[in-house]
Amino acid sequence: MPEEKRIGFAHDRDLENGKEEWLTPPEIFRALGDFDLDPCAPINRPWPTAKQHYTIRDNGLLKEWRGRVWCNPPYGPKTGEWMRRCAEHKNCTALIFARTETQQFFTYIWPRATAVCFLKGRLSFYHVNGTKGGTAGAPSMLVAWDDDNANAIRDAIENLRIKGAFVDLRGGQVTLDSRHAANDKVQPPSLTRLAETPGSTPKKEKP
């Protein structure tokens, strides 16, 4: 396979480099409704994640995205490129590690996403044969671009289909599932949107 086809992908097992693919727990994306496209799906998958799938053979970073997109990108140095595409397309939900201190977070998520959800505990991802693997090495989160995707995550939290804390970046409201606190909606003292331009210090903007 040409090298350019492999850039940005870590989904399929690479025996030479010891990499192995890990799949989204199906209860996560099923709790959020139907998706039209998964642009970084595995070649071999035990269940569909969307109506249409792009794999490493297609290079979803370069293909046209249409409709509602589910994106569980390859985790690594190219994750930011997938977040850029999500932010540009807008109608997306992504599952990534909760690396809130990273440049990609300050560029494509804090200033451009509609909402985020910090998942409770650590996920157990799946092998391509459908068996559950071990616990992930870091906490995970969902990121929504677009009102409908944000509302789908909040609905899943409120109806206990997903365990986690929902942060609405449109207005600063934090929603917890009822197993976390007696009051499931907590208004933080302050929550500001962050804007950043290349080479500058992030500036606070009013919501």
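A cavity here is a set of points, on a 1 Å grid over the protein atoms alone, where a 1.4 Å probe fits but cannot get out. Grid points are joined across faces, edges and corners, and a volume is the space filled by probe spheres set on the points. This is a predicted model, in which local features need pLDDT of at least 70, side-chain atom pairs count only at pLDDT 80 or more, and totals for chains, interfaces and linings use all residues. Residues are numbered from 1 along each chain as its sequence is written, and side-chain values use heavy atoms, with hydrogens and water left out.

**The whole chain**

Start with everything shown. You will find five helices and 13 strands; these are DSSP runs numbered from the N terminus, with helices being H or I of at least four residues and strands E of at least two. Of the 207 residues, 45% are buried, meaning under 20% relative accessible area with a 1.4 Å probe, protein chains only.

**The cavities**

How many cavities of 30 Å³ or more does the structure hold? There are two. The largest has a volume of about 100 Å³. Now select Leu23, Thr24, Asp38, Pro42 and Thr49: of the 13 residues lining this largest cavity, these are the closest to its centre. Lining residues have an atom within 4 Å of a point. Colour the lining by type and you get seven nonpolar, four polar and two charged residues. In this scheme Ala, Val, Leu, Ile, Met, Phe, Trp, Tyr, Cys and Pro are nonpolar, Asp, Glu, Lys and Arg charged, and the others, Gly among them, polar.

**Helix 3 and its cover**

Next, select residues 79-89, which form helix 3. Its buried residues are Thr79, Gly80, Trp82, Met83, Arg85, Cys86 and Ala87. Add strand 3 (69-71), strand 4 (92-97), helix 4 and strand 8 (140-145), which are included in what covers them. Just after helix 3, click on Lys90, whose phi is positive, near 80°.

**Gln104**

Move on to helix 4 (residues 103-109) and pick Gln104. Is Gln104 buried or exposed? It counts as buried, at 16% relative accessibility. Leaving aside residues up to four places away in sequence, Gln104 touches Thr79, Gly80, Met83 and Ile109; contact means heavy atoms within 4.5 Å.

**The cysteines**

Finish with the cysteine sulfurs. Taking a disulfide as a pair of cysteine sulfur atoms within 2.5 Å, the count is zero. Cys40 is in no disulfide, and the nearest cysteine sulfur, that of Cys71, is 3.8 Å away. Cys40 is buried at 1% relative accessibility, and Cys117 is buried at 0%.

Note on methods:
Buried < 20%, exposed > 50% of the residue type's maximum accessible area, 1.4 Å probe, protein only. 1 Å grid on protein atoms, 1.4 Å probe; cavity = no way out; pocket = protein on both sides within 12 Å on 5 of 7 lines; lining within 4 Å.
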